[in-house]
Amino acid sequence: MYRGKRISVVIPCHNEEDGIAAVMAQMPPIIDEVVVVDNNSTDRTAEVATAAGARVVKESRKGYGYAHKAGYAAAKGDIIVTMDGDGTYPPDSVPLLLYVMLEEKVDFITARRWYSKSGEVKSPIRLLGNAILSGAMMTLYFKFIIDSQSGMWMFKKEILPELDLTSNGMALSEEIKIEAFTHPGIRCLEMPIYYGARIGESKLNIWRDGFYNLFFLVKKRFMLRKKPPRLRVVEPIRPAAADVAEPVERRAAN
């Protein structure tokens with residue numbers, strides 16, 4: 001619980017028995033629940049996560065997007081935080097992100113991987129791929145998001161019905177940012193975080209997933225053009241009536 005808000009962490013996992021225990025061990029005490037989505041794992045991911053205190057949800061349809069959506073449906077918190085089960089994203093950055101979200105009255109925060117405290121350097125191919133995809137997103141959607149492929153973000157659950165998430169695969173990571181940042185009623189922010197070394201074997205197919213994500217960015221752009229304008233009433237910080245109401249004393253004098 002943080003400032004009256006229940007906090008859920010959703011972690012999609014496919015064969016992450018090596019990493020999930022380390023991630024769970026770093027969870028700050030303000031987290032109310034951790035929902036680990038076991039996405040067709042063939043190792044001991046579910047067993048290890050349960051032993052570490054997580055609530056494990058099964059999703060038999062294999063896919064990053066499927067796993068995220070199952071986790072969102074199962075999460076009971078007011079604010080949902082996502083991260084991977086491989087140790088890449090630091091749970092100890094959650095308190096700072098929460099503080100900024102509530103202080104700045106932001107609805108959605110995406111975490112930008114800044115640099116690794118351990119000195120690990122990402123491969124040039126991954127850096128180039130992320131730069132191409134993030135550049136394509138800026139060009140197509142006019143939104144300045146430096147790390148469009150980050151797997152760590154945070155949002156108020158109340159905005160979830162406003163997000164039209166169509167991807168069931170890796171592209172969900174960029175799609176949820178597009179949906180949030182292009183929505184006129186959702187306040188968004190990108191914040192830098194440290195990132196850690198991956199634990200266990202990577203499941204990412206760099207070329208296949210990279211080209212698919214690029215294709216999805218273009219497809220999503222045309223999908224948004226065909227949709228009617230989206231509106232959401234954002235509660236003002238001060239009620240409008242308070243700004244225009246005439247003092248009782250003045251009305252009485254007139």
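**Exercise 1. Identify which residues form one aromatic cluster in this predicted model.**

Solution. In this predicted model, the residues to mark are Tyr-72, Phe-108, Phe-155 and Phe-181, which form one aromatic cluster. A search of the whole structure finds seven aromatic pairs.

**Exercise 2. Classify the ring pair of Tyr-212 and Phe-215 as stacked, tilted or edge-to-face.**

Solution. Begin with the two quantities needed, since a pair of aromatic rings is described by the distance of the centres and the angle of the planes. For Tyr-212 and Phe-215 the centres are 6.3 Å apart and the planes lie at 45 degrees. Because rings pair if their centres lie within 6.5 Å, and planes that are neither under 30 degrees nor over 60 degrees apart count as tilted, this pair is tilted. Then place the two residues in the chain: they are three residues apart in helix α7 (residues 206-226), and therefore separated by about one helical turn.

**Exercise 3. Work out how Tyr-212 is arranged with Phe-216, and state whether each residue is buried or partly exposed.**

Solution. The ring centres of Tyr-212 and Phe-216 are 6.4 Å apart with the planes at 40 degrees, so this pair is tilted. These residues are four apart in helix α7, again about one helical turn. Tyr-212 has a relative accessible area of 37% and is partly exposed, whereas Phe-216, at 1%, is buried.

**Exercise 4. Describe the surroundings of Met-154.**

Solution. Met-154 lies in strand β6 (residues 153-156) and is buried, with a relative accessible area of 0%. Beyond its neighbours within four places in sequence, Met-154 contacts residues including Ile-79, Val-94, Leu-98, Asp-107 and Phe-108. Asp-107 is 47 residues away in sequence, yet its C-alpha lies 8.2 Å from that of Met-154.

Key: Residues are numbered from 1 along each chain as its sequence is written. This is a predicted model: local features need pLDDT of at least 70, side-chain atom pairs count only at pLDDT 80 or more; totals for chains, interfaces and linings use all residues. Side-chain values use heavy atoms; hydrogens and water are left out. Rings of Phe, Tyr and Trp (its six-membered ring) pair if their centres lie within 6.5 Å; planes under 30 degrees apart count as stacked, over 60 as edge-to-face and the rest as tilted. Buried means under 20% relative accessible area, exposed over 50%, partly exposed in between (1.4 Å probe, protein chains only). Contact means heavy atoms within 4.5 Å.
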